[in-house]
Amino acid sequence: MINKKREVMKKQAITLGRIGILLPIATIIPFINFFVGIAVIVLLLMSHYYFSKFYNNPAVFKNALTGFIIQVAVGLVGSLILGLAIGTAAIGLSSGSGFDPGNIQNLRGLIFENSATIIGGLVVLAGVIIGYYFFWKALKLLAEKTGVKYFKTAGLLYFIGAIGIVLFFIGAVVMFIGWVVHIIAYFTVQPDEIGSEKAEI
């Protein structure tokens with residue numbers, strides 16, 4: 001019989017996950033997008049942590065954590081590279097190199113012609129794809145443990161959407177669908193669901 005502590009642990013995992021996966025809706029409120037993003041990451045990681053403890057499978061948490069760390073780290077590196085490209089372009093415009101400092105078109109041209117811009121963009125894209133690959137692995141394990149296949153589907157859609165970011169519209173649509181499926185997954189799994197837990201007891 002599942003003890004009370006483990007029951008509470010699973011309820012916490014589900015509650016935190018439900019709040020975290022619904023929180024992006026709050027981004028419609030101006031000026032709080034950054035804080036919402038941080039809260040979503042923290043809540044989903046806590047959810048995966050409690051699930052990993054409940055199912056005694058550390059990979060459920062570690063893969064999710066690895067995915068988020070890769071995306072944050074690579075995002076910072078990519079942003080620094082892109083910042084360098086923009087700074088270089090701005091200096092080029094203000095150094096009397098024949099460009100009109102007020103000409104935004106020239107600034108854009110310098111930025112997109114700069115190799116640092118391409119490198120920074122590729123770094124960010126690679127980080128997003130690799131990060132979502134690990135998140136997919138975490139959700140696939142969670143699907144196996146809970147018996148809720150929507151988790152695996154959501155993870156796969158996130159991963160495909162990350163690859164599709166090259167074609168922004170398609171990637172964004174696929175990731176949005178993945179988010180919707182992820183919501184369904186969290187509201188499908190139940191605290192008293194025992195189908196996949198018997199093997200863990």
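**Aromatic contacts and helix packing**

In this predicted model, one aromatic cluster is formed by Phe51, Phe54, Tyr55, Phe151 and Tyr186. Across the whole structure, a search finds 14 aromatic pairs. A pair of aromatic rings is described by the distance of the centres and the angle of the planes. For Phe51 and Tyr186, the ring centres lie 6.5 Å apart and the planes stand at 35 degrees; the pair is therefore tilted, since tilted pairs fall between the stacked limit of under 30 degrees and the edge-to-face limit of over 60. This pair joins distant parts of the chain, as Phe51 belongs to helix H2 and Tyr186 to helix H7 (residues 168–188), 135 residues apart. Phe51 has a relative accessible area of 0% and is therefore buried. Tyr186 is likewise counted as buried, at 0% relative accessibility.

A further aromatic pair consists of Phe176 and Trp179, with ring centres 5.6 Å apart and planes at 50 degrees, so this pair is also tilted. Here both residues are located in helix H7. They are separated by three residues in sequence, about one turn of the helix. Trp179 has a relative accessibility of 19% and therefore counts as buried, because the class covers values under 20%.

Helix H2, which carries Phe51, also packs against helix H1. The axes of H1 (residues 4–22) and H2 (residues 33–54) come within 8 Å of each other and cross at roughly 155 degrees. H1 is therefore roughly antiparallel to H2, because angles over 145 degrees fall in that class. The crossing of the two helices is left-handed. On the H1 side, the residues in contact are Arg6, Glu7, Met9, Lys10, Gln12, Ala13, Ile14, Leu16, Gly17, Ile19, Gly20 and Ile21. These meet Val40, Leu43, Leu44, Met46, Ser47, Tyr50, Phe51, Lys53 and Phe54 of H2. Sorted by class, this contact comprises 13 nonpolar, four polar and four charged residues. Phe51 and Phe54 appear in the contact with H1 and are also members of the aromatic cluster.

Ser52 is another residue of helix H2. Its relative accessible area is 6%, so Ser52 is buried. When residues up to four places away in sequence are not counted, Ser52 touches Asn57, Pro58, Val60 and Phe61.

How values were computed. Residues numbered from 1 in each chain as written. Predicted model: local features only at pLDDT ≥ 70, side-chain atom pairs only at ≥ 80, totals over all residues. Heavy atoms only, no water. Axes fitted to C-alpha atoms, helices over the stretch in contact; angles between N-to-C directions. Helix = DSSP H or I, 4+ residues; strand = E, 2+ residues; numbered from the N terminus. Parallel < 35°, antiparallel > 145°, perpendicular 65-115°, else oblique. Left-handed = near helix turned anticlockwise from the far one by under 90°. Contact = heavy atoms within 4.5 Å. Nonpolar A, V, L, I, M, F, W, Y, C, P; charged D, E, K, R; others polar. Phe/Tyr/Trp six-rings, centres within 6.5 Å; stacked < 30°, edge-to-face > 60°. Buried < 20%, exposed > 50% of the residue type's maximum accessible area, 1.4 Å probe, protein only.
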